Amino acid sequence: QALEDQYSPSRWSPRLGRDTIVEAHIATMAAATQRAQASVQTALHIPYGCGDREKLDIYFPPDPSETFPVLVYIHGGYWQCLSKEESGFAAPPLVSKGVGVVAVGYDIAPKGHMDAMVLQVRRSIAFLLEHYPRIRGVYLCGHSAGAHLAAMVLSTDWTEYGVVPDIKGAVLVSGVYDLEPILHTYVNDELNMIREVAQRNSPMRCIVPAASVAVACEVLVAVAQHDSPEFRRQSQEYGQALRAAGWSVSMLDLAGVDHFDIIEKLSEESYILTQVEEELPSSL
């Protein structure tokens, strides 16, 4: 039961009850995404594969120049809810600064399994680079399960994909980087992972030396004050492990937010994570 509590983010928020906060989170993200699509030039439902959810939503800068950087957003939902339809919320403040935003769709459980989800996100990035040559730098952002998938992208052997992505930065927000603890929690009821699957898809076990990465990549690992102690521990240990492998890592412990509004606030121009993401293309 203690482990269940640690991996139940809705139990730790001081804002709303555990029965209402997830619904409120989904509604907030969906409404902000609808506003973004109404105000930003988009290309929606671009297929990068044959699956129903293997699609991208692209939010373009107002006047795309010859080249432009892009932030690839990978949604959370514990690998079993949410979609790209709630994932464009962060676009307006970024596109106003000349940064494109791409929301990635992938097969969630029970249809999707962990190996497939990791593969889909990697393929989506390869597709993006092959079909949009104006992109001049890729920045990853993932929340919760999406932070896990973004971290797995950092460990990709791109020789299998025929591209070498220019991944210059990653913002990993309230993520899970070691899947083994969740094997015996409710989270695994839909995922049906066995230990071998959890191990090979745990970013903590897949860190590659920074010296072997083609492009220098700066990683920001962010965690909420009101994330559970386990989420906070995982973020701390993953950041330290990356640093030990030679990666450039910054840690950000955000006060006054929980597992949900830590990412919802990316739709706000004044939010610190929004400002960090706006500065990434100019600082790296």
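**Close-ups of a predicted model**

Y177 is buried, with a relative accessible area of 0%. Its ring partner further down, Y238, is buried too, at 2% relative accessibility. Keep in mind through every view that this is a predicted model.

**View 1. Two tyrosine rings, Y177 and Y238, make a stacked pair.** There are 8 aromatic pairs to find in this model. In this one, the ring centres are 4.4 Å apart and the planes sit at 10°, so the pair counts as stacked, since planes under 30 degrees apart get that label. The two partners come from distant parts of the chain, 61 residues apart. Y177 belongs to the loop between β6 (167–173) and α6 (188–191), while Y238 is part of helix α8 (residues 229–244). If you're wondering how to read such a pair, the distance of the centres and the angle of the planes are what describe it. Elsewhere, ring pairs tie F60, F68 and Y132 together into a cluster.

**View 2. Helix α4 crosses helix α5.** The axes of α4 (residues 114–131) and α5 (residues 145–154) come within 10 Å, crossing at roughly 65°. The crossing is right-handed. Which residues do the touching between α4 and α5? From α4 you get M114, M117, V118, V121, R122 and I125, and they meet H148, L149, M152 and V153 from α5. Sorted by class, this contact has 8 nonpolar residues, 1 polar and 1 charged.

**View 3. C81 and C217 are in no disulfide.** How many disulfides does the model have? The count is 0. For C81, the nearest cysteine sulfur belongs to C141 and is 17 Å away. That rules out a disulfide for C81, because the two sulfur atoms would have to be within 2.5 Å. C81 is partly exposed, with a relative accessible area of 29%. C217 also has C141 as its nearest cysteine sulfur, here 13 Å away. Is C217 buried or exposed? With a relative accessible area of 9%, C217 is buried.

**View 4. I263 sits in helix α9 (residues 261–264).** At 0% relative accessibility, I263 is buried. Look around I263 and, leaving aside residues up to four places away in sequence, you'll find it touching H25, M29, Y73, F89, C141, H143 and V173. E277 is 14 residues along the chain from I263, and their C-alpha atoms are separated by 12 Å.

**View 5. S144 is a loop residue with a positive phi.** Its loop runs between β5 (135–143) and α5. S144 is buried at 4% relative accessibility, and its phi is near 60°. Setting aside residues up to four places away in sequence, S144 touches G76, V173, S174, G175, V176, F231 and H259. A224 is 80 residues from S144 in sequence, yet the C-alpha atoms are 11 Å apart in space.

**View 6. Two backbone spots to check out: Y78 and the A109 to P110 bond.** Most residues other than glycine have a negative phi, and most peptide bonds are trans. Y78, though, has a positive phi, near 55°. Y78 lies in the loop between β3 (68–74) and α3 (91–95), and at 10% relative accessibility Y78 is buried. The peptide bond from A109 to P110 is cis, with omega near 5°. P110 is in the loop between β4 (100–104) and α4.

Conventions
Residues are numbered from 1 along each chain as its sequence is written. This is a predicted model: local features need pLDDT of at least 70, side-chain atom pairs count only at pLDDT 80 or more; totals for chains, interfaces and linings use all residues. Side-chain values use heavy atoms; hydrogens and water are left out. Rings of Phe, Tyr and Trp (its six-membered ring) pair if their centres lie within 6.5 Å; planes under 30 degrees apart count as stacked, over 60 as edge-to-face and the rest as tilted. Helices (H or I, at least four residues) and strands (E, at least two) are DSSP runs, numbered from the N terminus. Buried means under 20% relative accessible area, exposed over 50%, partly exposed in between (1.4 Å probe, protein chains only). Axes are lines fitted to C-alpha atoms, for helices over the stretch in contact, and angles run from 0 to 180 degrees between N-to-C directions. A crossing is left-handed if the near helix is turned anticlockwise from the far one by less than a right angle, and right-handed if clockwise. Contact means heavy atoms within 4.5 Å. Ala, Val, Leu, Ile, Met, Phe, Trp, Tyr, Cys and Pro count as nonpolar, Asp, Glu, Lys and Arg as charged, and the others, Gly among them, as polar.
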